[in-house]
Amino acid sequence: MLIDKNMITTDVLTGKCSDHLVNFHHHKLHPLAYIAFNAMKEHAIKDGINIQPASTFRDFYRQQTIWNEKFYGHRPILDDNNIPINLERLSIEECCLAILRWSALPGTSRHHWGTDIDIYDPDRLPCGKKLMLEAWEYHNDGYFANLTAWLNENMTSYGFYRPFAIDTGGVACEPWHISYYPVAEHMTSLLTHERLLESWQGEHIAGKYWLEKNILLIFRKFINIC
Ligand SMILES: [Zn+2]
């Protein structure tokens, strides 16, 4: 199946449309990502790794809620050590930049595309422990170290890679986040700041005035990473 770039509308890019996605067990994925993910899962289970999605498609409005709740202090903003940051002392700029370490702006999340999946192995999560999606769970002696090693060895042959594998000061390292490159590369190339701002028209986005003024800087640092 080839990708028709004309079908990738601004609504598709910014998570305002999910009609093109496949539904399964409360999740949604792009059909090509869905096929590749299932093939990879089948291979992994033979090696004793149970790859399951914690999060797949997330729409614009869900991301908007997350963003606004963090901005207004109704949901914690974490620092690099997973400690909640005290918002009272932060300027609007500092607040936006702190949120952007871990959360995408509404309309820019890679989860809007149906190509990106947060994964874990439920068989390795100890009884009574909650999945945190924190880097230590996936590294060295973490619960999911075997999952990480298996993916390192095998995921590229199924088209997957980790867009947030290295922390370059923008988005923090997310070893649980994998992306289906053959489709995601098109999404990345088509998402421009003009299309993003179009998706924001008439929407309440906390800090919008500062964000719009600094949108090019934000794109360079936090968006269009491939
Ligand atoms: Zn993710």
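Colleague: Which residues of H4 are buried?
Modeller: This is a predicted model, to start with. In H4, the buried residues are Cys95, Cys96, Ile99 and Leu100.

Colleague: How do they sit around the helix axis?
Modeller: Looking down the axis of H4, the buried residues fall within an arc of 130 degrees, so they line one face of the helix.

Colleague: And what covers the buried residues of H4?
Modeller: The cover includes H3, helix H9 (208-213) and helix H10 (215-222).

Colleague: Let's go to the core. How many residues has the largest nonpolar core?
Modeller: That core has 45 residues. Those with the most contacts inside it are Ala33, Phe37, Met40, Ile99 and Tyr180. Ile99 is also one of the buried residues of H4.

Colleague: Which elements supply at least two residues each?
Modeller: Among them are helix H2 (31-46), helix H4 (92-100), strand S4 (116-120) and strand S6 (177-180). The largest share comes from H2, with six residues.

Colleague: Is there a general tendency behind such cores, and what is it?
Modeller: In soluble globular proteins, nonpolar side chains tend to be buried together.

Colleague: Back to Tyr180. What does Tyr180 touch, leaving out residues up to four places away in sequence?
Modeller: Tyr180 touches His30, Leu32, Ala33, Ala36, Thr115, Gly159 and Phe160. Phe160 also stands opposite Tyr180 in S6.

Colleague: Which way do the residues of S6 point?
Modeller: His177 and Ser179 point one way, Ile178 and Tyr180 the other. All are buried.

Colleague: What about the pairing of S4 with S6: parallel or antiparallel?
Modeller: S4 and S6 run antiparallel, joined by three bridges. Asp118 stands opposite His177 in S6.

Colleague: How many bridges join S5 to S6?
Modeller: Two bridges join strand S5 (residues 160-161) to S6, and these strands run antiparallel.

Colleague: New topic, the backbone. What is phi of Leu133?
Modeller: Phi is near 55 degrees, a positive value in a residue other than glycine. Leu133 lies in the loop between S4 and helix H5 (135-138).

Colleague: Why does Leu133 count as partly exposed?
Modeller: Leu133 has 16 other C-beta atoms within 10 Å. The buried class needs 20 or more, and the exposed class 12 or fewer, so Leu133 falls in between.

Colleague: And Asn140, buried or exposed?
Modeller: Asn140 counts as exposed, because it has 7 C-beta neighbours inside 10 Å. Asn140 is in the loop between H5 and H6. Its phi is positive, about 35 degrees, although Asn140 is not a glycine.

Key:
Residues are numbered from 1 along each chain as its sequence is written. This is a predicted model: local features need pLDDT of at least 70, side-chain atom pairs count only at pLDDT 80 or more; totals for chains, interfaces and linings use all residues. A nonpolar core is a set of buried Ala, Val, Leu, Ile, Met, Phe, Trp, Tyr and Cys residues joined through C-beta atoms within 7 Å. Helices (H or I, at least four residues) and strands (E, at least two) are DSSP runs, numbered from the N terminus. Two residues are in contact if their C-beta atoms, placed from the backbone, lie within 7 Å. Two strands pair if DSSP finds at least two bridges between them. The arc is that of the directions from the helix axis to the C-beta atoms.
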